[in-house]
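Trainee: I should like to learn how to read a pocket and a single residue in a protein model. May we work through one together?

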Amino acid sequence: MFLLPLQMVGFSHETSEAAYVGQRRLSATQVDAHLAALRTDGASVVLVSTCHRTELYWWGDVDLVPWFEQHVAGRDTSAVHLERREADLAVRHLFAVTAGMRSARYGEPEIMRQVRAGWQRAQAADASHTLLDAVFRRALEAARHIRHAIGDDADPSLGERVCDAIISRQKASPSAELRVLVVGAGDAARGVLDAITRHRGAGTLACSVQVTSRTDDSAARACVGRDATLVPWQMRDRALRDADVAVFAVHASAPLIDAHTTSVLTRYRTTPALWLDLGVPSNVASEALPDAVQWIGLDMLAPRSEHDTSRNRRAHAALQRELARYASDMQRRHLGARLPHLEARAASIARAALGAHAGADADSADALARQVTRLLLREMSALSA
């Protein structure tokens, strides 16, 4: 449809081992460092990194695949399969990813925020330019239209699934207010906190909420506006011992809680603690957990399911419409940019053709040429719409 110099390389849960993808997720500091290095080399880039995918988008003919392999993907090629997209296929991939059509949970809303955050971080680092910005702006607009087409039967967000599990636990002991501890302050943790805040406001969930993170400042920011209490990281073990429900959402390459720590934390519990583990890889070493812990991992909270045919059909039809609109807009923009050149050529031809006739007016020839050129361009734009 269109041959833009847009390129993409990355890996995701779709083609690579989930544990590897989670381990290779980039922190905000790492993203900023990579953006600074690429900006120095003159590249226009956006780097998106989540628990389930890490992808580099760039504008231009430079080949950044070797850089991505060296600095992001790592050397363990047996666990990762790099995906490469160019031109219209890169645009299609970005639109589908942003709409949640390529997510582990079909239609999840979190990915829109994550793509927007990656784009805004690139803008703040002055690593993106106008043309690349236009693609991401259009991807976010298209994602909203596609999600509207998917409808209300899209899979619930991860935060809603966590709340469902907490509410089920609450029903088992309705007389007591649950003590919930959220471990982490990233995207997943904030999504859970937002969902808990909504349910508490609606009266469907009664609980107190605490937040702890390896960076106390991040945990403090996550508490703002969510009626949650900060627990300093050095006090986390005590908070875990007391919590009825713990939600683990920390980006870590190895389990945060090993078997020995689990035994120590739950030794004196009289009722089982509910541990909801959103980590990729898992934050809790789940082998041989004691009876004092009911552990639910991400695969159980958000199982992959066969998406119903009608929802897929609506989503793909909407995606095609958005791609067609984008292609039409790009073609009109291209024709508009060439208009002065085409008018000048048409005027030159008209003057040459009328030059042999006595009394021919060069200004009239120029005006006629411009009118004919604009008419033809309007007709071509109408046909491409």
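Trainee: By class, how many nonpolar, polar and charged residues does the lining of the largest pocket have?

Mentor: Please bear in mind that this is a predicted model. To describe a lining, one sorts its residues by class. Here the lining of the largest pocket has 15 nonpolar, 14 polar and six charged residues.

Trainee: How much space lies in the largest pocket, and which residues are the closest to its centre?

Mentor: The largest pocket holds about 920 Å³ of space. Of the 35 residues lining the largest pocket, R25, A28, G186, D187 and R190 are the closest to its centre.

Trainee: Which helices and strands each supply at least two residues of that lining?

Mentor: The helices are α2 (28–40), α5 (110–124), α8 (187–202) and α9 (216–223), and β2 (44–49) also supplies at least two residues. The whole chain has 14 helices and 10 strands.

Trainee: Let us turn to one residue of helix α5, G118. Is G118 buried or exposed?

Mentor: One compares the relative accessibility with a cut-off: buried means under 20%. G118 counts as buried because its relative accessibility is 9%. Across the protein chain, buried residues make up 48% of the 385 residues.

Trainee: Which residues does G118 touch, leaving aside those up to four places away in sequence?

Mentor: With those set aside, G118 touches V46 and L47. One may also set sequence separation beside distance in space: G118 and T50 lie 68 residues apart in sequence, and their C-alpha atoms are 9.6 Å apart.

How values were computed: Residues are numbered from 1 along each chain as its sequence is written. This is a predicted model: local features need pLDDT of at least 70, side-chain atom pairs count only at pLDDT 80 or more; totals for chains, interfaces and linings use all residues. Side-chain values use heavy atoms; hydrogens and water are left out. On a 1 Å grid over the protein atoms alone, a cavity is a set of points where a 1.4 Å probe fits but cannot get out, and a pocket is an open set with protein on both sides within 12 Å along at least five of seven lines; lining residues have an atom within 4 Å of a point. Grid points are joined across faces, edges and corners, and a volume is the space filled by probe spheres set on the points. Helices (H or I, at least four residues) and strands (E, at least two) are DSSP runs, numbered from the N terminus. Ala, Val, Leu, Ile, Met, Phe, Trp, Tyr, Cys and Pro count as nonpolar, Asp, Glu, Lys and Arg as charged, and the others, Gly among them, as polar. Buried means under 20% relative accessible area, exposed over 50%, partly exposed in between (1.4 Å probe, protein chains only). Contact means heavy atoms within 4.5 Å.
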